[in-house]
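User: Hi! I have a model open and would like to talk it through with you. Could we begin with the ligand and wander from there?

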Amino acid sequence: MGDTLSYFRQDMLPHIWCPGCGHGTATGALVRAIDRLHLDKNKVCIVSGIGCSSRAVGYLDFDTLHTAHGRALAFATGIKLARPELKVIVMTGDGDCTAIGGNHFIHAARRNIGITTIVMNNNIYGMTSGQYSPMTPKGFFGTTAPYGNVERNFDLCELAKSAGATYVARATSYHVPLLIDLIEKALLNPGFSVVEALVQCPTYMGRKNKIGGPVEMLNWIKEGTVNVKAAAALPPEKLKDKILIGELYNKQEGEYTADYDALIARVQRKYDKFQGGLYGCASNSD
Amino acid sequence: MAEKPKVFFHIIRERYCKGCNICVAFCPKQVLVLKDGKVFPERPEACIGCKMCELRCPDFAIEVRAKGEEPVAATESGPIDFGVPPEAHHV
Ligand SMILES: Cc1ncc(C[n+]2csc(CCOP(=O)(O)OP(=O)(O)O)c2C)c(N)n1
Ligand code: SF4
Ligand code: SF4
Ligand code: SF4
């Protein structure tokens, strides 16, 4: 790897995240994947919503957009439609993506628009001090779940798959080489890609649930996950309550902006056949 | 001819390190320690260059290079005056 720091706005570092916060590790993994692909900095646009995780874009030396809570994918869709040649990347948190932004997530996946979404899932609302999120496991604690979360577990990768995303993967801030590989593959997928990065929030998730500090949380993440390849050979009782990591889905299908451009070209050809072209046709429409 | 074993060295950005202990705890060769709340390569000769410390560090505070491999521009890179403590900017 070249100089990692050349991808950062160094005058903004050190970053604001708590000691041992996994958001930094996930951001580092993205930068390393971009470095491996030798992407042109001026052809990459990184968009985020609101949350600790969404602060990532403020440190990255690319064209970046820090938008409204849950709306990163909506802004990113606009950017991709206007400038389909750009690599558009969304960095979002579990609250940002699955709660307030869940609707945008479903429709971005349904359209298979060429956006790479990195969901930094710390199972909690970090920025607003530890409320439970749709990704908080059942029975876990948060400031708004003082007696344990009663809601059922939710699998974002399954949602992404069934909504139509063409690349879906999951890794963690413990399994960083895997995370980098998966982000790299996601960036190469022309359609909608989702990489869920399980990360630690020692300040709220760790403290509220008495998991411990960053090191204990990484051990907790390590113990709670199994690679899909290894899982294929394991008996079901060993996979109980385990989260699968690795490449979960990969299928090529028509990308939204490419299909849209093809439609524009087709309609243009049709109207160009009229005398006076498109404008002549439009002004003679009565 | 047998390959000469690689020797690794560590680039530490002390100002970025928050002493979270992740790199120290997960180093397979116990190369690193915390000294005054900052990472310090105590046994660099034992380092196998797996780079796990570099990849897992949430603060981009440690990098590992093989000696004689890629040159590194600066230990503390960037257009920042590291002689000025960060608090000095908050008037
Ligand atoms: C419209 C709106 N509603 C609520 C908020 C308050 N708010 C800010 S961040 C946040 C949750 C962020 O959680 P997550 O996306 O999981 O990110 P994390 O901080 O955990 O990284 C909320 C609810 C807001 N900023 N805007
Ligand atoms: S509150 Fe949690 S998610 Fe936010 S910076 Fe701190 S550790 Fe990270
Ligand atoms: S992981 Fe990074 S921030 Fe944490 S102690 Fe090591 S060098 Fe410092
Ligand atoms: S490169 Fe590997 S062996 Fe060397 S200090 Fe880092 S974690 Fe330890």
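User: Which atom of ligand 1 does the backbone of A:Asp96 approach, and at what distance?

Analyst: This is a predicted model, and in it a backbone N or O atom of A:Asp96 sits 2.7 Å from an oxygen atom of ligand 1.

User: And what about A:Gly126?

Analyst: That one also uses its backbone: an N or O atom of the main chain of A:Gly126 is 2.8 Å from an oxygen atom of ligand 1. With A:Asp94 the side chain takes part, as one of its polar atoms lies 2.7 Å from a ligand 1 oxygen.

User: How much of ligand 1 does the protein bury?

Analyst: On its own, ligand 1 exposes 600 Å², and the protein buries 73% of that.

User: Which elements give two or more residues to the shell?

Analyst: Those are helix H3 (94–100) and strand S5 (124–125) of chain A. H3(A) supplies the largest share, four residues.

User: How many residues surround the ligand, and of what classes?

Analyst: There are 17 residues around ligand 1, and A:His23 and A:Cys52 are among the closest. By class, the shell holds six nonpolar, nine polar and two charged residues.

User: Good. Moving on to the strands of chain A, is S1(A) enclosed or open?

Analyst: Strand S1 (residues 44–48) of chain A is largely enclosed by the rest of the structure, because five of its five residues are buried. Both faces are covered: A:Val44, A:Ile46 and A:Ser48 are buried on one side, with A:Cys45 and A:Val47 buried on the other.

User: Which strands does S1(A) pair with?

Analyst: Five bridges link S1(A) to strand S3 (residues 87–93) of chain A, and the two run parallel. Within that pairing, A:Val44 stands opposite A:Lys87. S1(A) also runs parallel to strand S2 (residues 63–66) of chain A, joined by four bridges. There A:Ile46 has A:Thr64 opposite.

User: What comes next to S3(A) besides S1(A)?

Analyst: S4(A) does: six bridges join S3(A) to S4(A), again in parallel. A:Ile89 faces A:Thr116 across that pair. S4(A) in turn pairs with strand S8 (residues 193–198) of chain A, in the parallel sense and over six bridges. One partnership there is A:Met120 with A:Ala197.

User: Is S4(A) buried or exposed?

Analyst: Seven of the seven residues of S4(A), residues 115–121, are buried, so this strand is largely enclosed by the rest of the structure. On one side the buried residues are A:Ile115, A:Thr117, A:Val119 and A:Asn121, while A:Thr116, A:Ile118 and A:Met120 are buried on the other.

User: Let's switch to backbone geometry. Where is there a cis peptide bond?

Analyst: Between A:Leu13 and A:Pro14, with omega at about 0°. A:Pro14 belongs to the segment before helix H1 (22–37) of chain A.

User: Which non-glycine residues have a positive phi?

Analyst: A:His38 is one of them, with phi about 50°. B:Lys51 is another, with phi near 65°. Such cases stand out because most residues other than glycine have a negative phi.

User: Where are those two, and how exposed are they?

Analyst: A:His38 is in the loop between H1 and S1 of chain A. Its relative accessible area is 69%, so A:His38 is exposed. B:Lys51 is in the loop between strand S3 (38–41) and helix H2 (52–56) of chain B. With a relative accessible area of 22%, B:Lys51 is partly exposed.

User: Since we've reached chain B, what is its secondary structure?

Analyst: Chain B has two helices and four strands, and along the sequence they follow the pattern β-α-β-β-α-β.

User: How much of chain B is buried, and what does it expose?

Analyst: 38% of its 91 residues count as buried. Chain B exposes about 5400 Å², of which carbon and sulfur atoms supply 58%.

User: And where does B:Gly68 lie?

Analyst: In the segment after strand S4 (62–66) of chain B. B:Gly68 is exposed, with a relative accessible area of 82%. From C-alpha to C-alpha, B:Gly68 and B:Phe8 are 9.1 Å apart in space, though 60 residues separate them in sequence.

Note on methods
Residues numbered from 1 in each chain as written. Chains lettered and ligands numbered in written order. Predicted model: local features only at pLDDT ≥ 70, side-chain atom pairs only at ≥ 80, totals over all residues. Heavy atoms only, no water. Near = heavy atom within 4 Å. Polar contact = N/O pair within 3.5 Å; in protein donor to acceptor, adjacent residues only side chain to side chain. Areas by Shrake-Rupley, 256 points an atom, 1.4 Å probe, with all protein chains shown as cover. Nonpolar A, V, L, I, M, F, W, Y, C, P; charged D, E, K, R; others polar. Buried < 20%, exposed > 50% of the residue type's maximum accessible area, 1.4 Å probe, protein only. Pairing = 2+ DSSP bridges.
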